[in-house]
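User: I would like to learn how to read some features of a structural model, taking each general idea before its case. Could you show me the structure we will work on?

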Amino acid sequence: MKMEININPRLRLSPLVWILLTLMGIALVVALIRYIDGIGAISNLSYSYPWGFWISFDLFTGVAIGSGAFVMAAIVYIFELREFQPLLRPSVLTGFLGYIMVVIALLVDLGHPERIWYMMIHMNGTSVLLEIGICVMSYLTVLAIEFSPVLFEGLKWQRAAHTMHKYIMPFVILGVVLSTLHQSSLGSLLLIQPAKLYPLWWTPILPVLFFISAVSIGLAMIIFESTLSARYFHRGLEIHLLAKLARAIPIVLAIYLIVRFAQLAMQGDLQYLFNSGLMSILFWTEIMVGALLPLVLFSFKQVRQSANGLLAGAVILLAGMILNRFDVSWFAVRHPDPLTFIPSLMAFNAHYIPSLPELSISVGIFSAGILAFGLAAKYLPLFEKDEGHQPTGPR
Amino acid sequence: MSDIQNIKHKVFLFDATRCIDCRACMIACSVENKIEMNKTRIWVSGVGLTGEYPNLDRATMVYHCMHCEAPDCLSACPVGAYSKRADGPVLYDPSKCIGCRYCMNACPFGVPHFDYDKGIIQGAFIDKCTMCPQRIDAGLEPACVATCPTDALMFGERADLIKEAHDRIAAHPGRYINHVYGETENGGTSYLILSHVPFSELGLPDLGSTPVRNVSEAVMELTIPFALAWGAVLTGTAVGVHQFNQRKERLAEAEAKEKSEETK
């Protein structure tokens with residue numbers, strides 16, 4: 001017998017959406033278990049590894065790939081390169097969603113998520129983490145303001161949208177300052193671990209390196225999301241704009257490489273470059289994939305002017321730079337393991353591999369982000385050219 | 001260095017050659033501080049047997065909080081849950097803690113530990129050795145010291161115990177490594193260690209006399225001046241670019257006007 005199933009067309013969802021919803025559901029259940037039974041019930045975090053996959057992926061990577069928003073805002077509003085306007089909205093949205101995802105992940109990772117606002121009443125001025133917390137909270141507000149005109153236009157509140165456009169400049173400048181601070185401070189977080197972070201990564205100028213690489217990641221993210229949006233939301237690709245953006249990437253990466261190697265040389269750490277086993281391999285992989293290869297690729301006009309070339313270059317850069325974030329916050333950090341009673345485990349050889357439920361939290365949050373971007377692309381004027389509302393400069 | 005010499009309060013002295021691995025200190029600590037059965041504030045680790053029969057040797061290390069003069073946990077904690085008492089103890093206030101575990105990352109000795117087995121209702125906190133301030137205030141030694149049967153753990157004025165440590169090294173130069181760990185490490189600690197095996201074998205990190213926290217604190221001090229300067233630079237750039245563009249537009253307009261008038 002054949003069953004006749006009538007589904008309301010509004011409820012018919014594509015398989016991709018079902019998959020995303022399922023992943024979100026799994027993460028929700030795992031998070032509930034974490035809140036009831038503790039972080040140890042779902043993760044492999046330990047006394048030796050207080051920070052693991054969540055910090056490397058959700059915080060370090062999440063914040064890094066949100067850097068497209070401030071790079072684009074600076075290009076369009078501060079340097080008034082208005083031709084890049086069509087790329088602004090998607091990158092601000094990616095940043096906005098990215099930072100919301102960071103905060104949600106932190107609410108799982110923090111021992112006392114209900115106390116996150118204590119950062120605003122018990123401030124310890126010497127703590128890098130406090131600076132990051134305050135900057136991320138403030139920047140999330142700025143991103144909401146920067147994104148609000150899109151929402152207002154979607155709701156047909158033209159006057160509200162117009163007012164926001166008019167007064168947006170101070171918020172853009174505040175946003176760029178906050179981004180500079182916390183993008184670099186993510187590097188400063190590790191400054192307190194000179195005894196734990198491998199010398200190929202630990203340097204007093206970690207914040208500078210983090211900022212320079214965040215700019216390159218921002219540019220690559222704009223290329224990445226624009227080419228993907230063009231494919232999946234069937235919109236035109238502003239390839240001439242992306243080609244111009246891509247021209248900046250080799251310059252940024254060259255500065256990054258020079259600063260990085262000059263610092264290693266000045267610190268006298270060049271000796272570790274080739275004889276540190278796994279650490280040397282990680283170092284050279286991230287340098288080759290994250291900086292050298294994209295530097296060469298984006299130097300070719302043919303690569304910059306083809307959609308596939310742009311996408312490939314951006315993906316390679318992102319992979320290498322994300323590896324850098326993982327190295328600094330996890331792979332290259334050697335923790336002592338004092339609570340293990342077994343002899344010989346003391347010598348910096350504690351191990352950590354994230355558990356499946358731990359990964360599922362990050363996957364679920366990431367799925368929610370993709371879904372939210374898709375919904376926004378569908379229902380908000382994300383890709384429309386807003387010629388009626390050119391940004392007004394400072395007066 | 002002179003600051004390190006001027007530390008005037010009570011500290012621990014642990015002598016690895018005297019420790020017999022009885023772990024009575026752990027029990028005394030847990031009873032005194034009402035620690036759960038499956039947790040501990042003191043942990044004892046051995047490097048196992050070394051050498052060949054009949055010249056066997058073994059070393060045991062008793063780990064406390066080092067109660068640093070310049071505590072890195074205190075510097076790292078975003079909400080100021082840590083404090084340093086003038087008479088030595090580094091204390092933790094659970095009522096402020098947000099559970100970020102940055103102190104665990106910051107501590108070069110891996111001392112603070114976290115309740116991974118507690119949910120949000122029971123409350124998951126950091127725990128660490130407190131130097132028994134309740135006993136110090138009552139004129140007593142910390143529980144672990146009071147119970148140690150071999151005087152491997154001692155408690156007293158810092159200057160006295162440093163002298164005692166160096167006297168022991170001088171009296172038995174063949175027995176001890178010629179160094180008192182904690183005398184200058186990380187800016188000086190309140191837990192001094194004497195050992196007959198290299199300190200790295202006891203799991204102790206190789207630290208200089210400059211506190212680990214100094215670099216990150218120096219960077220943090222630059223933050224607000226940098227933010228103000230950067231904001232000013234960006235505002236200046238934005239205003240400059242805007243005016244340059246407007247002038248260019250006006251010039252272009254004027255030129256266009258001229259041209260159109262010429263054609264007329």
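User: Does B:Ala152 count as buried or exposed, and how many C-beta neighbours does it have inside 10 Å?

Analyst: Before the case, two conventions: this is a predicted model, in which local features need pLDDT of at least 70 and side-chain atom pairs count only at pLDDT 80 or more, while totals for chains, interfaces and linings use all residues. Residues are numbered from 1 along each chain as its sequence is written, and chains are lettered from A and ligands numbered from 1 in the order in which they are written. A residue is buried if 20 or more other C-beta atoms lie within 10 Å of its own, exposed if 12 or fewer, and partly exposed in between, with C-beta atoms placed from the backbone. B:Ala152 counts as buried because it has 22 C-beta neighbours inside 10 Å. B:Ala152 sits in the loop between α6 (143-147) and β8 (153-157) of chain B, where helices (H or I, at least four residues) and strands (E, at least two) are DSSP runs numbered from the N terminus.

User: Which residues does B:Ala152 touch, not counting those up to four places away in sequence?

Analyst: Two residues are in contact if their C-beta atoms, placed from the backbone, lie within 7 Å. With residues up to four places away in sequence left out, B:Ala152 touches B:Phe14, B:Asp15, B:Arg18 and B:Cys19. By contrast, the C-alpha atoms of B:Ala152 and B:Val215 are separated by 35 Å, with these positions 63 residues apart along the chain.

User: Which residues have the most contacts inside the largest nonpolar core?

Analyst: In soluble globular proteins, nonpolar side chains tend to be buried together. A nonpolar core is a set of buried Ala, Val, Leu, Ile, Met, Phe, Trp, Tyr and Cys residues joined through C-beta atoms within 7 Å. Here the largest such core has 184 residues, and those with the most contacts inside it are A:Met72, A:Ala73, A:Ala220, A:Ile223, B:Phe14, B:Cys103 and B:Leu192. B:Phe14 is also one of the residues that B:Ala152 touches, while B:Cys103 touches B:Cys73, B:Ala76, B:Cys77, B:Tyr82, B:Pro112 and B:Ile126, not counting residues up to four places away in sequence.

User: What is the make-up of chain A, in helices and strands?

Analyst: Chain A has 15 helices and zero strands, and buried residues make up 47% of its 395 residues. Among the contacts in chain A with a separation of 6 or more, 79% come from residues 24 or more positions apart.

User: At what angle do helix α1 and helix α15 of chain A pack?

Analyst: Axes are lines fitted to C-alpha atoms, for helices over the stretch in contact, and angles run from 0 to 180 degrees between N-to-C directions. Helix α1 (residues 15-37) and helix α15 (residues 356-379) of chain A pack at an angle of about 135°, with their axes 8 Å apart. That angle makes α1(A) oblique to α15(A), given that angles under 35 degrees count as roughly parallel, over 145 as roughly antiparallel, 65 to 115 as roughly perpendicular and the rest as oblique. The contact of α1(A) with α15(A) has 16 nonpolar, three polar and no charged residues; in this classification Ala, Val, Leu, Ile, Met, Phe, Trp, Tyr, Cys and Pro count as nonpolar, Asp, Glu, Lys and Arg as charged, and the others, Gly among them, as polar.

User: How many residues does each chain give to the contact between chain A and chain B?

Analyst: The contact takes 56 residues from chain A and 57 residues from chain B. On the side of chain A that touches chain B, α8(A) gives the most, with seven residues, and by class that side has 35 nonpolar, 17 polar and four charged residues.

User: Which backbone features in chain B should I look at, such as a cis peptide bond or a positive phi?

Analyst: The peptide bond from B:Tyr53 to B:Pro54 is cis, with omega near 10°, and B:Pro54 lies in the loop between β2 (43-50) and β3 (57-63) of chain B. B:Asp21, although not a glycine, has a positive phi of about 60°, and B:Asp21 counts as partly exposed, with 13 C-beta neighbours inside 10 Å. B:Asn186, also a residue other than glycine, has a positive phi near 55°, but B:Asn186 is buried, with 25 other C-beta atoms within 10 Å.
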